[in-house]
Amino acid sequence: MFNQSKIVGLPVSRIDGPLKVTGQAKYAAEHFEPGMLFGHVALATVACGRISHIYTEAAERLAGVIKIYTHENRPKLAYRDKKWKDEVALPGHPFRPLESDRVLFDGQPVAFIIAETPEAARDAAVLIKVEYAIDEPHTDIIAEQHNSYEPPVARMKQFLPPPPRGDAENAFSAATYKISADYIIEGEHHNPMELFSTTVLFEQDGELTIHDKTQGSQNARDHVCGVFGLDPEKVVVKNSFVGGAFGQALRPKYNLVLAVMASLDLRRSIKVEMTRREMFYLTWRPSSIQAVSLAADKDGHLQSVMHHAVHATSRYEDYQENVANWSGLAYKCDNAKLSYEIVQLDMATPGDMRAPGAATGVTALETAMDELAYTVGIDPMELRIRNFAHRDQDKDKAITSKALHACYREGAARFGWAERSPQPRSMRDGHDLVGWGMAGGIWEAMMAPAEATVRLFADGRSVVSAAASDIGTGTYTILAQLAAEAFDTPINSVTVKIGVSSLPKTGVQGGSWTAASTGSAVQKAAKTVIKTLLGHARKMENSPLADASEEHVEIAEGRLVLESNHQAGIAVADIMEATGISSIEEHGKVGPDVLTMMKFAAYTHSAVFVEVKVDEDLNVVRVTRVVSAVAAGRILNPKTARSQILGGVVMGLGMALHEEAMIDNRTGRIMNHNLAEYHVPTHADIHDIDVIFVEEDDDKVSPIGVKGLGEIGIVGVAAAVSNAIFHATGKRIRHFPITIDKILESEVLQ
């Protein structure tokens, strides 16, 4: 389908790597100008209630303090919800910092201090005293699940469960084998390395240059323009380098609003950098309770699938994910009933966190599939193969491509799955119980509208421009590879300009669609450059390309040539010289193919195999091996792609064994709002992770055949770990994360 690659598909090192490792890459908080001021936020210490009185006098007297903003003196900002809603906003009332005396969640900003130094601003925050009229907080999803409801306004239509098909209840009752269980997943917090920060550089003519940690510079620009009524032509947002995000930076955060507010009010440049504690109050993967019921006949063919999901949201917005729908499309079953509700808690609005919805829903589904496999008495992988879905039954559409069989086959072979002893507690390594578990993974392969420009110079240099972000995924590198491929030049001859709101329009970086979207726009722009170059070449005297068509020419070794005969061609430099130009720049604009989307559904698939070793006495779990086999269409760069899967797997291990928000439900406060007590996997927790990319061609999913890799790496990992723990111990833990106490308290299933 695709031409033989010259550089696309090779494991090229990141072109931005040298800047990062030498400290030359500047992040949002690292921009500075003389005379700038610094902001710091004072946080609420209750989760629900109202501010009775706020005392700022002592803080105002502190040397270096310029001004303190509270709900009592905040400048007037936009009133209508519409002005506050960003590109990926939710139904409801967007959070507005310092809007009123009402406290909606633990850690809500109650004051914003501006000072001449960051230390003065920080110290002043400690001196602010607040009296509260405290209401009883409700932060326990288990206690509040009876208040769950169907969202009255859908965030996205595809998040809504499809109508039931068949008769799931009666099919379940009549089936030979069945399981039904509840799965609880505690809330998780993103915690990327780079703290959220905003640096606003104020120009005397009112123009603003804003360096912000965001996954979408244009989304951030449009947000502040809406809130403050600014002219978009006078605001530039830059996010040239982003130190991780995982979805936390999709929506603009209150640091951006507060920094711009103070800058406009004081007519000064302002910098705000959040603390690690504040990061816990921005957004999070919501806690959830899921009821999954599966039934099968004597041969293991699914007869009924029922999945009811409930997850948390805030009091002021209806956060929604696609949680339950995966159970209706992952495996073939003619009887399915899927339902989805949310429940309000006195916490900040949750947000998209790597594979939102799928990481949660597939964990429950794939754990339930393992339970069903033991109930029926067949191998867990064999159960999945027997129920392989060749069609998306939720949408009643064909699938663009699905190399999941290859994932099963190649992943199992690499892992050694055939050597698995099926009986729980039957495999040992000295004092350790050894368990092998597996799970499937699935994520939507999406493409969003995107634009890019590409400029080719006579000497072979090229410049790629787009507003896309690089949150560590390798966007800089893959865009450079695509341009270098199109023009047959070394990658170091390509300059990539991204992360600036004034560049060609792209969406936020999320959903694993950046490579497919912006990459396709770059390819289209590059092809248009070649088309324009051919137009000039045709006009040259005695041109060997006079009758050539754009479909049959390419650039090779600095010459525009016929694909079939490289001897017939003209040097690019000669074409431009004859035309009297030094470069050609063209624009590429792409979007999803509507007709294709009407007929087909597109997904990335994976199979994850996990080995755990569990100390028989202490019940300490170690994940000693992981094999992740992924089918993701065309792989632009195996090195950056592998890095994405490695990161996803590590996050999946965190979901399975480590990560949870510890909330004191008496006060509604997050007690482990730091990286000392909020546990994430560290080097000692990670052993061997093997990544396989199976071959998969897809000419429908995107113009460059790319499906995206940011999300799929985490999907199914937590379930595979859980299933391996059951195989090792005979104990089925349905409450994530699976910690030592839960294993100790569980009984071995007979």
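**View A. Two hairpins in a row, built from strands 22, 23 and 24.** In this predicted model, strand 23 is linked to strand 24 by a hairpin with 2 residues in the connection. Strand 24 covers residues 565-571, and its antiparallel pairing with strand 23 rests on 4 bridges. Look for L562, which has N565 of strand 24 opposite it. Now turn to strand 22: residues 553-556 run antiparallel to strand 23 (residues 559-562), again with 4 bridges. Which residue of strand 23 faces V553? The residue opposite V553 is L562. Strands 22 and 23 also form a hairpin, with 2 residues between them, and E557 in that turn has a positive phi of about 50°.

**View B. An open sheet of 3 strands.** Read across this sheet and you meet the strands in the order 15-16-26, with mixed pairing. Which strands stand at the edges? They are strand 15 (391-392) and strand 26 (600-601); each has a single partner strand, so one side of each has no neighbour in the sheet. Strand 16, residues 397-399, pairs with strand 26 in the parallel sense over 2 bridges. To find one of the contacts, start at I399, whose bridge partner in strand 26 is A601.

**View C. Two arginines with positive phi.** Neither R267 nor R425 is a glycine, yet phi is positive at about 55° for R267 and about 65° for R425. R267 sits in the loop that runs between helix 8 (254-266) and strand 11 (270-273). R425 belongs to the loop between helix 13 (404-415) and strand 17 (428-429). Are these side chains buried or partly exposed? R267 is partly exposed, because its relative accessible area is 43%. R425 counts as partly exposed too, because its relative accessibility is 30%.

**View D. A cis peptide bond before P737.** The bond joining F736 and P737 is cis, with omega at about 5°. To place P737, follow the chain through the loop between strand 32 (735-736) and helix 20 (740-745).

**View E. A negative patch on the surface.** Which residues form this patch? They are E203, D205, E207, D231 and E233. One of them, D231, lies in the loop between helix 7 (217-228) and strand 10 (235-238). D231 counts as partly exposed because its relative accessibility is 38%.

How values were computed: Residues numbered from 1 in each chain as written. Predicted model: local features only at pLDDT ≥ 70, side-chain atom pairs only at ≥ 80, totals over all residues. Heavy atoms only, no water. Patch = residues over 30% accessible without salt bridge, like charges linked within 9 Å, V, L, I, M, F, W, Y side chains within 5 Å. Areas by Shrake-Rupley, 256 points an atom, 1.4 Å probe, with all protein chains shown as cover. Salt bridge = Lys/Arg side-chain N within 4 Å of Asp/Glu carboxyl O. Lys, Arg positive; Asp, Glu negative; His and termini not counted. Charge placed at Lys NZ, Arg CZ, Asp CG, Glu CD. Buried < 20%, exposed > 50% of the residue type's maximum accessible area, 1.4 Å probe, protein only. Pairing = 2+ DSSP bridges.
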